[in-house]
Amino acid sequence: PWAAADYTRAQALEWFAVCRRSREQGTGHEFGIFDVATDTLVGGAGLNQFNPLHGFCNLGYWVRESWQGRGAATSAALALVEFAFEQLLLTRVEIVVLTDNIASAATARTVGATFECIAINRLKHHGVPRDASVFSVVPAA
């Protein structure tokens with residue numbers, strides 16, 4: 001919902017400040033996904049919604065339409081899963097996507113996530129509760 005034509009530079013800079021603060025506080029690790037050749041922002045990915053007691057977090061990602069299908073989300077998600085397990089020492093990463101988001105579900109499967117269930121009213125989309133597919137990645141045994 002935030003990705004609109006009227007999204008301003010000031011809004012982007014505020015988002016970057018929020019991301020920096022969340023990294024400093026250990027409550028989130030959000031990153032831009034850039035094309036190496038052109039330095040173009042093609043999407044974003046991050047770890048958030050940490051549960052320190054149980055050692056897991058959420059992994060989210062988005063890629064602009066013109067860059068979908070080129071592996072950007074997969075590369076970012078793989079890097080963040082590795083970061084979650086090796087640096088943050090978590091034992092589970094969850095990926096929760098709307099049931100009709102075929103591309104995000106495919107990315108989850110590509111990074112090795114296991115489909116667990118469809119959770120009723122798990123996400124709000126434009127303020128409306130929607131069902132979501134829940135995937136998980138756990139460290140190799």
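Start with the whole chain in cartoon view: you should count three helices and six strands. Keep in mind as you click around that this is a predicted model. Follow the chain along its sequence and the elements come in the pattern α-β-β-β-α-β-α-β-β. The radius of gyration is 15 Å, close to the 14 Å that the globule rule gives for 141 residues, so the protein is as compact as a globular protein of that length.

While you still have everything on screen, here are some overall numbers. The C-alpha trace spans about 40 × 30 × 30 Å along its principal axes. Buried residues account for 38% of the 141 residues. Colour by accessibility and you're looking at about 8900 Å² of accessible surface, with 56% of that belonging to carbon and sulfur atoms. If you like contact maps, take the contacts between residues at least 6 apart in sequence: 46% of them join residues at least 24 apart.

**Stop one: helix α1**

Select residues 9-25, which is helix α1, and go to arginine 9. Is arginine 9 buried or exposed? Its relative accessible area is 67%, and exposed means over 50%, so arginine 9 counts as exposed. Now add asparagine 48 and draw a C-alpha to C-alpha distance: the two residues are 24 Å apart in space and 39 residues apart in sequence.

Stay in α1 and pick serine 22. Serine 22 has a relative accessibility of 12%, and because the cut-off for buried is under 20%, serine 22 counts as buried. Which residues does serine 22 touch, leaving aside neighbours within four places in sequence? Show Thr27 and Gly28, and you have its contacts.

**Stop two: helix α2**

Next, select residues 72-86. This is α2, with 15 residues, reaching 21 Å from its first C-alpha to its last, close to the 21 Å expected at 1.5 Å a residue. Turn on side chains for its buried residues: Ala72, Ala73, Thr74, Ala76, Ala77, Leu80, Val81, Ala84 and Phe85. What do they pack against? Bring up β1 (29-34), β2 (41-51), β3 (56-63), β4 (92-98), α3 (102-110) and β6 (128-137), and you have the partners of α2's buried residues.

**Stop three: helix α3**

Since α3 is already highlighted, move there and show Ser104, Ala105, Thr107 and Ala108, the buried residues of this helix. They cover an arc of only 155 degrees around the axis, which puts them on the same side of α3. Look for what covers them and you'll find, among others, β3, α2, β4 and β6. Then spin the view: the face turned away from the buried side of α3 carries the exposed residues Ile102 and Thr110. Before you leave, check the backbone of glycine 112, which follows α3 and has a positive phi near 95 degrees.

**Last stop: the β5 and β6 hairpin**

Finish by selecting residues 114-125, strand β5, together with β6. The two strands run antiparallel and are joined by eight bridges. To see one facing pair, label alanine 119, which stands opposite alanine 132 in β6. Where the chain turns, there are two residues between the strands of this hairpin, and histidine 126 takes a positive phi near 55 degrees. As you look along the hairpin, remember that in a regular strand the side chains alternate between the two faces of the sheet.

Key
Residues are numbered from 1 along each chain as its sequence is written. This is a predicted model: local features need pLDDT of at least 70, side-chain atom pairs count only at pLDDT 80 or more; totals for chains, interfaces and linings use all residues. Side-chain values use heavy atoms; hydrogens and water are left out. Helices (H or I, at least four residues) and strands (E, at least two) are DSSP runs, numbered from the N terminus. The expected span of a helix is 1.5 Å times one less than its number of residues. Buried means under 20% relative accessible area, exposed over 50%, partly exposed in between (1.4 Å probe, protein chains only). Contact means heavy atoms within 4.5 Å. Two strands pair if DSSP finds at least two bridges between them. The arc is that of the directions from the helix axis to the C-beta atoms. The radius of gyration is taken over C-alpha atoms; the globule rule is 2.2 Å times the number of residues to the power 0.38. Accessible areas come from the Shrake-Rupley method with a 1.4 Å probe; for residues, only the protein chains shown count as cover.
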